[in-house]
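Please open the model in your viewer and keep the sequence panel beside it, since this tour moves from one selection to the next.

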Amino acid sequence: MSWFGGVQQQPSGPTQLESAKIEMEMMTDLFNRMASVCHRKCITPKHADGAELNVGEMSCVDRCVGKYLEAHSKVGEVLKKVEDQMKAQAAAQQQIASKLGGS
């Protein structure tokens with residue numbers, strides 16, 4: 001109940017803070033997966049103790065990170081298009097349903 005006697009509505013979607021937390025978790029997961037994949041692919045076991053990487057390993061990591069982020073970006077674009085198409089389809093279905101129900 002609000003201060004003015006009315007019923008206070010709860011937000012229907014996640015708050016900005018919740019959204020920021022989810023985004024941060026997703027970015028952390030992206031970074032951890034990318035680091036794991038690129039480390040496994042590019043860095044030899046002799047460097048597991050923290051020794052400096054050679055030029056080939058550094059180049060491999062650089063390319064790996066670039067490709068990983070590019071792939072992630074492309075997947076995000078495709079998912080955004082699919083989401084937009086689904087929203088448009090749902091809106092069209094709702095419009096048809098309202099026309100059929102209103103007649």
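**A tour from one cysteine outward**

Begin by selecting Cys38, which is found in helix α1; helices here are DSSP runs of H or I with at least four residues, strands are runs of E with at least two, and both are numbered from the N terminus. Before going further, please note that this is a predicted model, in which local features need pLDDT of at least 70 and side-chain atom pairs count only at pLDDT 80 or more, while totals for chains, interfaces and linings use all residues. Residues are numbered from 1 along each chain as its sequence is written, and side-chain values use heavy atoms, with hydrogens and water left out.

Cys38 counts as buried because its relative accessibility is 3%, where buried means under 20% relative accessible area, exposed over 50%, and partly exposed in between, with a 1.4 Å probe and protein chains only. Leaving aside residues up to four places away in sequence, Cys38 touches Ile43, Cys64 and Val65, a contact being heavy atoms within 4.5 Å. Now add Tyr68, whose C-alpha atom is separated by 8.7 Å from that of Cys38, although the two are 30 residues apart along the chain.

Next, select Val37, also placed in helix α1, which at 30% relative accessibility counts as partly exposed.

Widen the selection to the whole of α1, residues 16-42. Its 27 residues should span 39 Å at 1.5 Å a residue, and its end C-alpha atoms are 38 Å apart, which agrees; the expected span is 1.5 Å times one less than the number of residues. The buried residues of this helix are Leu30, Met34, Cys38 and Cys42.

Which residues make up the largest nonpolar core? Select Met34, Cys38, Cys42, Ile43, Cys60 and Cys64, 6 residues in all; such a core is a set of buried Ala, Val, Leu, Ile, Met, Phe, Trp, Tyr and Cys residues joined through side-chain atoms within 4.5 Å. The elements giving two or more residues to this core are α1 and α2, and the largest share, 3 residues, comes from α1. Within the core, Cys64 touches Cys38 and Cys42 among its contacts, which also include Lys41, again not counting residues up to four places away in sequence.

Finally, select Glu23, Met26, Met27, Asp29, Leu30, Arg33, Tyr68 and His72, which line the largest pocket. The elements that give two or more residues to this lining are α1 and α2 (55-102). A pocket is an open set of points on a 1 Å grid over the protein atoms alone, where a 1.4 Å probe fits, with protein on both sides within 12 Å along at least five of seven lines, and lining residues have an atom within 4 Å of a point.
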